[in-house]
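Here are some notes for your reading of this entry, set out as numbered points. Please keep the sequence and the structure side by side as you go through them.

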Amino acid sequence: MEVLSILDIRTKREWKDFNLGGTHIPLDELLARINEILPEVDYTLVCYNGTQSQIACQLLSAKGFKNCQNLIGGLEAYLSI
């Protein structure tokens, strides 16, 4: 069974307003806190509209993370379902 691990990279204020759970590391802290996430875990990265989480996926990929995916459309798309 595959487990969905959420990595929310929105700001602290955005995360406090609404979150899906998972791990919260704002994008501007991601590289400094990279040791808090495991490279072998499959992460779905979340931001408001999918743009910043795509950047985060690229940063993590450059650091050797192979199992990151972007929630296309972000929370905006998720909440519109």
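1. A residue is called exposed when its relative accessible area is over 50%, buried when that area is under 20%, and partly exposed in between. With these cut-offs in hand, arginine 13 counts as exposed because its relative accessibility is 56%, and aspartate 17 counts as exposed too, since its value is 58%. Please bear in mind throughout that what you are looking at is a predicted model.

2. These two residues also belong together as a pair, for arginine 13 forms a salt bridge with aspartate 17, in which the closest N and O atoms are 3.4 Å apart. Both of them lie in helix H1, and the four residues that separate them along the chain correspond to about one turn of the helix.

3. How many salt bridges are there in the model? The count comes to five when a side-chain nitrogen of Lys or Arg has to be within 4 Å of a carboxyl oxygen of Asp or Glu. One of them joins the side chains of lysine 12 and glutamate 29, with a distance of 3.6 Å from N to O. This pair links distant parts of the chain, given that lysine 12 is in helix H1 while glutamate 29 is in the loop between E2 and E3, 17 residues apart. Lysine 12 is partly exposed, because its relative accessible area of 49% is not over 50%, and glutamate 29 is likewise partly exposed, at 21%.

4. Another salt bridge is formed by arginine 33 with glutamate 36, whose closest N and O atoms are 2.9 Å apart. Salt bridges that share partners join Lys12, Glu29, Arg33 and Glu36 into one network, so the pair from the previous point should be read together with this one. As for exposure, arginine 33 counts as partly exposed at 22% relative accessibility, and glutamate 36 is partly exposed with a relative accessible area of 45%.

5. Turning to the strands, you will find an open sheet of four of them, in the order E2-E1-E3-E4 and with parallel pairing. The edge strands are E2 and E4, the latter covering residues 68-70, and each of these two pairs on one side only.

6. Strand E1, residues 5-8, is worth following in detail. Four bridges join E1 to strand E3 (residues 43-46), and the two strands run parallel; within this pairing, leucine 7 has leucine 45 of E3 as its bridge partner. Toward strand E2 (residues 23-24), E1 pairs over two bridges, again in the parallel sense, and here aspartate 8 stands opposite histidine 24. Between E1 and E2 the chain crosses through helix H1 (residues 12-17), and this β-α-β crossover is right-handed.

7. Are the faces of strand E1 covered or open? Both faces are covered, for Ser5 and Leu7 on one side are buried, and so are Ile6 and Asp8 on the other.

8. Nonpolar side chains tend to be buried together in soluble globular proteins. In this model the largest nonpolar core has 13 residues, and those with the most contacts inside it include Leu7, Leu45, Ala56 and Leu60. The elements that give two or more residues to this core are E3 and helix H2 (51-62), and H2 gives the most, with three residues.

9. Helix H2 also contains threonine 51, which is partly exposed, with a relative accessible area of 48%. The C-alpha atom of threonine 51 is separated by 7.8 Å from that of glycine 73, although the two residues are 22 residues apart along the chain.

10. Finally, please look at the surface, where Phe18, Tyr78, Leu79 and Ile81 form a nonpolar patch with about 460 Å² of accessible area together. Of these, tyrosine 78 is found in helix H3, residues 74-79. Why does tyrosine 78 count as partly exposed? The reason is that its relative accessible area of 42% falls between the 20% and 50% limits.

Terms used. Residues numbered from 1 in each chain as written. Predicted model: local features only at pLDDT ≥ 70, side-chain atom pairs only at ≥ 80, totals over all residues. Heavy atoms only, no water. Buried < 20%, exposed > 50% of the residue type's maximum accessible area, 1.4 Å probe, protein only. Pairing = 2+ DSSP bridges. Right-handed = clockwise from strand over helix to strand, strands pointing away. Patch = residues over 30% accessible without salt bridge, like charges linked within 9 Å, V, L, I, M, F, W, Y side chains within 5 Å. Areas by Shrake-Rupley, 256 points an atom, 1.4 Å probe, with all protein chains shown as cover. Core = buried A, V, L, I, M, F, W, Y, C linked by side-chain atoms within 4.5 Å.
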